[in-house]
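Good morning, and thank you for the opportunity to speak. I should like to take us through one structure step by step, and I ask you to keep it in view as we proceed.

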Amino acid sequence: MADRGEEPDRTPPTTAPSAAAPASPEPVPVPPARPLDAIDRDILRILQTDGRASIRSVAERVHVSRANAYARINRLVEDGVIRGFGARVDHERAGQGASAYITLKIVQNSWRTVREQLQALPGATHIALVSGDFDVLLLVHTPDNRALRELVLTRIQSIPEVLSTRTLLVFEETDLGPRPDRPAELA
């Protein structure tokens, strides 16, 4: 994506914690959300589709200067709109052939404690506090069913605040990440 003979500018303006990094126990104050304009939404679509897009490429595609694109991306990071930059992984090809959603019922008011322990689990990729018949939804990827069984029966069920679990095996996944052909994502 670099212009002829020039190195692409791939350095993100600032770094933000990745989704895999454990959250700090104290919440970091986030500035109030500022409204996003059409250019901000276009920048987000581009970066969601290609997180490696250069500042120059983003600027050209949204018709602003590189300095303007850089400032906007930096503001989106500082405001917490962009939480980080990463790669979408095919877990099966990466040696994580077993995937499952695990539902947990937990002791009332123990969410923060349980979340901290779940974040430390190998293969945990998404944790959500939800409403309904269970309290927590956890997505995990493990090398095989034996590792999955060990994770659920030994690690998760040994957390004192976990009252019960239910494991839903994932037979096939389709990543519905942002695509250029779905323009209404951030409208």
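Which residue takes a positive phi just after H3? That residue is Gly80, with a phi of about 85°. Before I turn to other backbone angles, please note that this is a predicted model.

Let me begin with the chain as a whole. The chain contains 5 helices and 4 strands. Read from the N terminus on, its elements follow the order α-α-α-β-α-β-β-α-β. The chain has 187 residues, of which 28% count as buried. If we take contacts between residues at least 6 apart in sequence, 68% of them join residues at least 24 apart.

I turn now to helix H2, residues 55-62. Is this helix largely enclosed or largely open? H2 is largely enclosed by the rest of the structure, because 6 of its 8 residues are buried. The buried ones are Ile55, Arg56, Ser57, Val58, Ala59 and Val62. What covers them includes helix H1, residues 38-49, and helix H3, residues 66-78.

How do H2 and H3 meet? As a general point, two packed helices are described by the angle between their axes and the distance between the axes. Here, the axes of H2 and H3 come within 8 Å and cross at roughly 105°. An angle of 65 to 115 degrees counts as roughly perpendicular, and therefore H2 is roughly perpendicular to H3. On the H2 side, the residues that meet H3 are Ile55, Arg56, Val58 and Ala59; on the H3 side, they are Arg66, Ala69, Tyr70 and Ile73. Sorted by class, this contact has 6 nonpolar residues, 2 charged residues and no polar ones.

H3 itself has 13 residues. From its first C-alpha to its last it reaches 18 Å, close to the 18 Å expected at 1.5 Å a residue. Its buried residues are Ala69, Arg72, Ile73, Asn74, Arg75, Leu76 and Val77, and these pack against H1 and H2.

Let us return to the backbone angles. Most residues other than glycine have a negative phi. Two residues in this chain deserve a remark on that account. His63 follows H2 and is found in the loop between H2 and H3. The phi of His63 is near 65°, a positive value in a residue other than glycine. Is His63 buried or exposed? With a relative accessibility of 72%, His63 counts as exposed, because the cut-off for that class is over 50%. Asn109, in the loop between strand S1 (98-106) and H4, also has a positive phi, near 65°. Asn109 counts as exposed, with a relative accessibility of 78%.

My next topic is the interior. In soluble globular proteins, nonpolar side chains tend to be buried together. In this model, the largest nonpolar core has 17 residues. Those with the most contacts inside it are Ile102, Leu104, Ile106, Leu118, Leu138, Val140 and Ile156. Which elements give two or more residues to this core? They are S1, H4, strand S3 (136-142) and helix H5 (145-156). A second, separate core has 15 residues, including Ile43, Ile46, Ile55 and Leu76.

Two members of the largest core merit individual attention. Leu118 lies in helix H4, residues 111-119, and counts as buried because its relative accessibility is 0%. Setting aside residues up to four places away in sequence, Leu118 touches Leu104, Ala124, Ile127, Val136, Leu138, Ile156 and Ile159. Of these partners, consider Ile159: Leu118 and Ile159 are 41 residues apart in sequence, and their C-alpha atoms are 9.1 Å apart in space. With the same neighbours set aside, the contacts of Leu104 include Leu118, Phe134, Val136, Leu138, Ile156 and Val162.

Finally, consider Thr103, which is found in strand S1. Is Thr103 buried or exposed? Thr103 counts as buried, because its relative accessibility is 7%. Leaving aside neighbours within four places in sequence, Thr103 is in contact with Phe134, Val136, Leu137, Ser164, Thr165, Arg166 and Leu168.

To conclude, I would leave you with two images: H2, largely enclosed by the rest of the structure, and Leu118, among the residues with the most contacts inside the largest nonpolar core. Thank you for your attention.

Key:
Residues numbered from 1 in each chain as written. Predicted model: local features only at pLDDT ≥ 70, side-chain atom pairs only at ≥ 80, totals over all residues. Heavy atoms only, no water. Buried < 20%, exposed > 50% of the residue type's maximum accessible area, 1.4 Å probe, protein only. Contact = heavy atoms within 4.5 Å. Core = buried A, V, L, I, M, F, W, Y, C linked by side-chain atoms within 4.5 Å. Axes fitted to C-alpha atoms, helices over the stretch in contact; angles between N-to-C directions. Parallel < 35°, antiparallel > 145°, perpendicular 65-115°, else oblique. Nonpolar A, V, L, I, M, F, W, Y, C, P; charged D, E, K, R; others polar. Expected span 1.5 Å × (residues − 1).
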